[in-house]
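Here's a quick tour to read with the model open in your viewer. We'll go sheet by sheet, then look at a helix pair, the cavities and a couple of backbone oddities.

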Amino acid sequence: MSFEGEAAVVSTGDGVTCIGNFHCIIPDKKKKNTVRIYYTEDGNFSKKGSIIKLSGTLRNSMRRFIFHNIFDDLRKPKSSPNYNCQISREGFPKRFINSVFKCAKILYLKWAYLNSVDIKIKIRGLSMGSVSITNILLGRSIKRCIDLQLLSRTSTCLTFKSQVCFKSSFASNSVPHSAQVIICGAGATGNSVAYHMNENGWKDIIVLEQSKIGSGDSWRSCGIVGHFHSMSEGRMTTYSSELYKNLQNDGHEIGFIETGSVNVARTQERMIELTRIAAEARIHGISCDILEPKDIPKYHPFAKSDDLVGGIWVPSDGIVNPLSVCQALAKISQDRGVKYFEGCKVFEILTNGFKVTGVKTSLGVINCEYLVLCAGMWTRTLGVNCLPPFRVPTQPAENGYVITRPVPGLTPSTPLLRDYDACLYVRPYDTGFLVGGFPEKAKPLFTDKMPDYFAFQELPPNWEYFRPVYEEACFRVPILKQVDIHRYSTGPDTFTPDGHWILGETSEIDNLYVAAGMNVNAVQGAGGLGKELADWITTGEPKAYLLPFDIRRFIDFHNNAKFLRERVQEAVGHNYSIRHPLLNEFKTARKSRCSPLYTIQEQAGAVFGERMGFERVLYFDPSKPRDERMDPPKITFGKPEWFENVQEEYAACRERVGLIDMSSFTKFHLKSGGTEVVDFLQLLCSNDVDVPVGNIVSSGMQNDQGCYENDCLLLRRAHNCYFMMSPTAQQTRISEWMRRHMPKDASISMSDVTSMYTVLNIVGPKSRELMSELTRTEMDIAGFTCKKINVGYASEVLVMGFNNTGEPGYSLYIPSEYALHVYTNLLNAGKDYGIRNVGYYALRFLRIEKFIPFWAEELDSHTTPFEVGRGFKVKMQKDYFLGKPALQQQLDQGLKRRLVHFQLENHNPETDLWAWGRESIYRNGQYVGKTTSSGYGFTLGRVICLGFVHNFNERTREPQVVPTEFLTNDAHFEIEIAGKRYPAKASLHAPPIPIISMNGTSNRYTPKARLITHASTPDS
């Protein structure tokens, strides 16, 4: 229960009239340096201990008096749980009142913290002018946040409020010596994890909170909950919304109102994006209506719409009280046996070097088996100070919103409004609006040192920072110009460098899980995040597709403080940026990880993108000025502006020679004294890796469900040594996964050598002639074999008989100190062969056309080799490998989804929108799956899509076996692009594409003949 009340004091000479319960401190006009303390109870005036002579320092005198006289009264059972301390300004010098006020504030608030009551402290007579003060930073002993606001524009009275909604047992001063699970942080996410772990059957759980439940950034969250997100985020936000709705229906007053939302678009590209998301949402049962500009006022009467392209109406979106959500989840969890300890700060995470063992807190050491960090902006600091350290790349930045005075005609069910192009949202709040948004350039906070405490606390107002957002809001909702601002609230929110949540088990420490980086609205995703993380801890692996949020997607570079300071300035606004499946690049904190060839590629007209911090060439456009090439490619959902550039690069790879820098690929050396490394890789790999020295094996590494944990190439360099190449994004994830499966006797060593080698793909039918001329050797390298060759002055260059495009050619793994020399020689010698620099977009289109899947798009920890047509790379005759039983079971029972190659028909690539990924697939009018990646097939002359097809039971919607006949017999497939469906030709095999081999003959590309065509598996 929370308590809140008002008290009034009217001073008439020496007399005091009192209403309510409070102490009043006023000067004694007859005696110098003397104050009178008045105590009232239920309006009855009393002068207990009323006169005190101030001696020594003012602060110490006041501290002694207030503590010994007033606190004794407050501790009495008859005392009311609501107190007010009012200090008169009249008659006191400024230094005096400041000291008195500071002392009273600290002591009263400290007592209130320990006893869980509400307090208010007022100072009358302080002339603040027109300055609005919104917070006060308290000492670390207070552990309390105060919401300080101007009561009126003329009364010059400041009020500190603090609501406490839990019984005092939450503030226990003793903690157990051990628990099975410790959750650090009692915000929306931490409480959700506790709730769902309890739902999963865990009993011995404690939650540690350094201040009060929900006192971090959860309490001042904007409270918007909704379904209108892309698939990965949408699944979790939808679950959150349904959870909160059920809590409200079960009698927990959390302020859930299903207001609906109007999402508007100022540009055509934005409208296309919203339409794409709406099409995806409908598949999952979420109602979405496309609105014309003229229809928008019918749904949101306050919105200006004559300048808009359109909008989307989502009736199931809504709002909640974020603090009430925290309290409800915590109360349910506590009632079920979860123990909460407020006022317990975690100072240090304890480990044995590789596994978490406990935490050191302000209330003592607690041992545990599992630790879940939901500590908001303090999570990264805990990681940095841990031994061993672990990465949680987050950075707090300033974020705020405005609450207006009452708006005529506004009701609690008025829909919330999102204007993505202006980076703002408007939602109802009591009788007014809450207006929030994201400035174009965000302000990072606490860049030198994180505060020890920041509970129920706000930042000093910075109106100039928020003014552009509010001005845009006034344009979109004109009535805001007629309404006064009641309050401007601003505080720190925690952001990630890529705009996605951080979730999962750390790669550095076992049994240490993290849920952090809520990117503004903690409550919106907390329900779903808590469920997914609880399931992950319970089963030992994620139950759903969580790669975009996996904490193992980062490397040390991402945790660099300078990088985070710069990137967060852009990442805040990224919340409302257009999320294109392919064209999604940041501008800030770039040019950090670069190939040795970066400068010369830049001079050649390279347009760069970034992956894992590594600068990679997307395409080359020498005609563009350098300044324009430094900006990310323009986002479009139709034919891209770089189409002709990529077409020329594609043609070079198909007809002449293309040169592709693939240096960002992850590379590892694995070695043992004997053949232990062979046994180890045979255990992890589903293909047979016991091949002759100098041979290369393409293999997946499967988990216990038979799904991909890695997609790699393994070069056997010696009988006890392998060189492994994996996708760029796997640098942290796969090293952690392999480490956990390594023998404990340290018989195998693994070293990351990503930066030691520069990788160049030489692609095209003239590759052999070029390489023979340059090396003065016969290039008799068979497919999937490797030789060391001198290239110019460079020795020890690994030349491999494969490349990543499906075209004939080679891969050169060059010691990085020789990279520039080899690259220059290749360009010079290649002039006679029509050599051309090639970027990743051309590589992508070459692969998609030939039905070669990508990591994290088609291949992930929920996809098996048989589902993507790679069963020929699985050696089921091996005695054992991880995932073999699951794969055998899948073979016995049949495949319930299959990756299919689609060619769009009746589609004009010049004028129609393109497929880019995540489009819905229909068979005979029924939804059967989604596309995963798309591109343009220049040989086929049409847009190509890859996607998974399911066979859903018409009645139960459960997936059934997908036989080949399901794709061929009486099957009419369509791909829906932004609401419009196009016929598509489906196939389980790559189309017949002529391949000009390096000996001048023309062959057809067939995926299973990879030893002939030299196609590889790892992608980006």
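Which strands does helix 17 lie across, and at about what angle does helix 17 run to strand 40? Helix 17 lies across strand 31, strand 37, strand 38, strand 40 (809–815) and strand 41, and its run makes about 35° with strand 40. Keep in mind that this is a predicted model. The points below start with the sheet under that helix and move on from there.

**The six-stranded sheet**

- The sheet is open and mixed in its pairing, with six strands in the order 38-39-40-37-31-41.
- Strand 38 and strand 41 (835–838) are the edge strands; each has a single partner strand, so one side of each has no neighbour in the sheet.
- Going from one strand to the next, the twist averages 30°.
- At one end of that order, strand 38 (residues 786–791) and strand 39 (residues 794–800) run antiparallel and are joined by five bridges.
- One place to check that register is Cys-786, whose bridge partner in strand 39 is Met-800.
- Strand 38 and strand 39 make a hairpin with two residues between them, and Gly-792 in the turn has a positive phi of about 65°.
- Further along, strand 31 (residues 657–661) runs antiparallel to strand 37 (residues 757–763), with four bridges between them.
- Asp-661 sits opposite Leu-760 in strand 37.

**Helix 17 meets helix 18**

- Helix 17 (residues 767–775) also has a helix partner: its axis and that of helix 18 (residues 819–830) come within 10 Å, crossing at roughly 115°.
- That crossing of helix 17 and helix 18 is right-handed.
- From helix 17, Leu-770, Met-771, Glu-773 and Leu-774 take part, and they meet Asn-825, Leu-826, Ala-829 and Gly-830 in helix 18.
- Sorted by type, the residues in this contact of helix 17 with helix 18 come out as five nonpolar, two polar and one charged.

**The five-stranded sheet**

- This one is open too, with antiparallel pairing and five strands in the order 33-34-35-32-36.
- Strand 33 (696–702) and strand 36 (748–752) take the edges with a single partner strand each, so one side of each is left without a neighbour in the sheet.
- Here the twist from one strand to the next averages 30°.
- Inside the sheet, strand 34 (residues 708–718) pairs with strand 35 (residues 721–726) over five bridges, in the antiparallel sense.
- To find your place in that pair, look for Leu-713, which stands opposite Met-725 in strand 35.
- Helix 15 (residues 676–684) packs on this sheet and touches strand 32 (666–672), strand 33, strand 34, strand 35 and strand 36.
- The direction of helix 15 makes about 130° with that of strand 32.

**Cavities**

- The structure has 10 cavities of 30 Å³ or more, and the largest has a volume of about 90 Å³.
- What lines the largest cavity? Its lining is made up of Arg-276, Ile-277, Ala-279, Glu-280, Gly-917, Arg-918, Glu-919, Ser-920, Glu-976, Ile-977 and Ala-978.
- Helix 5 (268–283) and strand 47 (973–977) each give at least two residues to that lining.
- Helix 5 has the largest share of the lining, with four residues.
- By type, the lining of the largest cavity splits into four nonpolar, two polar and five charged residues.

**Backbone oddities**

- As background, most residues other than glycine have a negative phi, and most peptide bonds are trans.
- Against that, the peptide bond from Leu-387 to Pro-388 is cis, with omega near -5°.
- You'll find Pro-388 in the loop between helix 8 (379–384) and strand 22 (395–404).
- Ala-746 is not a glycine, yet has a positive phi of about 60°.
- Look for Ala-746 in the loop between helix 16 (733–741) and strand 36, and recall that strand 36 is an edge strand of the five-stranded sheet.

Technical notes: Residues are numbered from 1 along each chain as its sequence is written. This is a predicted model: local features need pLDDT of at least 70, side-chain atom pairs count only at pLDDT 80 or more; totals for chains, interfaces and linings use all residues. Side-chain values use heavy atoms; hydrogens and water are left out. Two strands pair if DSSP finds at least two bridges between them. Axes are lines fitted to C-alpha atoms, for helices over the stretch in contact, and angles run from 0 to 180 degrees between N-to-C directions. Contact means heavy atoms within 4.5 Å. On a 1 Å grid over the protein atoms alone, a cavity is a set of points where a 1.4 Å probe fits but cannot get out, and a pocket is an open set with protein on both sides within 12 Å along at least five of seven lines; lining residues have an atom within 4 Å of a point. Grid points are joined across faces, edges and corners, and a volume is the space filled by probe spheres set on the points. Ala, Val, Leu, Ile, Met, Phe, Trp, Tyr, Cys and Pro count as nonpolar, Asp, Glu, Lys and Arg as charged, and the others, Gly among them, as polar. A crossing is left-handed if the near helix is turned anticlockwise from the far one by less than a right angle, and right-handed if clockwise.
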